[in-house]
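Biologist: Could you take me through the charged pairs in this one, slowly? I'd like to know where they sit and how they fit in with the rest of the fold.

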Amino acid sequence: MPPARTPPPPTLDSRLRAPAAAAAPAHAVALRCQIRIEPARRGYEQTEADGLADLFGERSRWGSTLQPVEFAQVSLMVPAFTGETETDLVVPCTYDMDIAATRYFDALTDGEVPLLMLFSGTAFTGAGGFRVEPVPWDREAVFRMPVATWREMVEQHFPGCGWIRLPHDTMDALLAFRSRRALPSWDATVRALLDEGADPAPGTPRPGSTLTRITGRTAP
C-alpha cells in the first residue's frame, strides 16, 4: 500500500508585472521576493487590537511595537521576455498559529492587509550576447490584500477549523487522556480538558494538572 500523500499547502497567487531594461531582451530572471506585513499602515477596531495584544502588546505601546512582520519569502524563475511580462507569484500559506503572520491575519475582521514586497535576484539579459545583472535592491511594490481573501483561503482549506502544533509529549498526554475517557474525537478531548480547567467556585480547591495525573509527565 503506497504511503499517504501530504496535501499541498494552501497558496495565495499574486500577478506581477516585470519590465525589461530598455529594449534589451531578458533571457530569464531568477527573482526573490520577501513579503512583509506593514501593520502601522492601517487602523484597528478594539476587537482586532485585543487579538493582536500577544504580538504588539497593549495598544498604548504600539507607537514603538507596531513593527513589520515577515509573511513569506518566495523564489521564482521568470522566463524569457522582451519589453514587459506578467508572471504569477505563488505564496505558500499556513494556518499554524505559532506563526506571527498567521496570528496577525486571524485577528483581523475586515479591511485590508498592507503588504510590502521587496525584490532581489539576478537578471540574464543581452541583445547580442549574454549579460548577468543584479535586480536592484530598491525594487519594491506595495499591495493591500483584502482580509476577505485570506479568510476565503482559510475556509476553503480548513473549513470551520483551527490548527495548532504540539510537541510529542503533549500529544502523548492528550492521547492517554482521550483513551482513558473513551472520548470520540480530539474536539471532545480538548473540551473535556477545558471543562476541568474552568475556574472553580470560590473556596473549592483546584485539582492538579489533568495531563500530569494521567501520564505522570508535566504538560509543557
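Modeller: One term before we start: accessible area here comes from the Shrake-Rupley method with a 1.4 Å probe. By that reckoning the protein chain exposes about 14000 Å², and carbon and sulfur atoms supply 55% of that area. Keep in mind that this is a predicted model.

A little background on the fold, then. The chain has eight helices and seven strands. Of its 220 residues, 34% are buried. If you take the contacts between residues at least 6 apart in sequence, 71% of them join residues at least 24 apart.

Now your charged pairs. Side chains of opposite charge can pair when their charged atoms come close. Searching the whole structure turns up twelve salt bridges.

Let's begin with E84 and R17, whose closest N and O atoms are 3.5 Å apart. This pair links distant parts of the chain: E84 belongs to strand β4 (residues 84-92) and R17 to strand β1 (residues 11-19), with the two positions 67 residues apart in sequence. E84 counts as partly exposed because its relative accessibility is 49%, and the cut-off for exposed is over 50%. R17 is exposed, since its relative accessible area is 55%. Both of them also belong to a network of salt bridges that links R15, R17, E84, E86 and D88.

Next, look at R42 and E48. Their closest N and O atoms are 3.2 Å apart. Is this pair buried or exposed? Both R42 and E48 are buried.

Then there's D54 with R103, a salt bridge with an N to O distance of 2.7 Å. D54 lies in helix α2 (residues 53-56) and R103 in helix α4 (residues 100-107), so this bridge ties together parts that are 49 residues apart in sequence. R103 counts as partly exposed because its relative accessibility is 21%, while buried means under 20%.

While you're looking at charged residues, have a look at E38 too. You'll find E38 in the loop between β2 (26-37) and α1 (46-51). E38 counts as buried because its relative accessibility is 13%. Leaving aside residues up to four places away in sequence, E38 touches P68, P114 and L116.

For contrast, here's a nonpolar part of the surface. I164, L166, M171, L175 and W186 form a patch there, with about 450 Å² of accessible area together. I164 sits in the loop between α5 (147-157) and α6 (168-181), and it counts as exposed because its relative accessibility is 61%.

Some of those patch residues turn up again where two helices pack. Two packed helices are described by the angle between their axes and the distance between the axes. For α6 and helix α7 (residues 186-196), the angle is about 90° and the axes are 10 Å apart. That makes α6 roughly perpendicular to α7. On the α6 side, the residues that meet α7 are M171, L174, L175, F177, R178 and R181; the α7 side offers W186, T189, A192, L193 and E196. So M171, L175 and W186 are listed both in the surface patch and in this helix contact.

Notes: Residues are numbered from 1 along each chain as its sequence is written. This is a predicted model: local features need pLDDT of at least 70, side-chain atom pairs count only at pLDDT 80 or more; totals for chains, interfaces and linings use all residues. Side-chain values use heavy atoms; hydrogens and water are left out. Patches are made of residues with over 30% relative accessible area and no salt bridge: like charges are joined within 9 Å, nonpolar side chains (Val, Leu, Ile, Met, Phe, Trp, Tyr) within 5 Å. A salt bridge is a side-chain nitrogen of Lys or Arg within 4 Å of a carboxyl oxygen of Asp or Glu. Helices (H or I, at least four residues) and strands (E, at least two) are DSSP runs, numbered from the N terminus. Buried means under 20% relative accessible area, exposed over 50%, partly exposed in between (1.4 Å probe, protein chains only). Axes are lines fitted to C-alpha atoms, for helices over the stretch in contact, and angles run from 0 to 180 degrees between N-to-C directions. Angles under 35 degrees count as roughly parallel, over 145 as roughly antiparallel, 65 to 115 as roughly perpendicular and the rest as oblique. Contact means heavy atoms within 4.5 Å.
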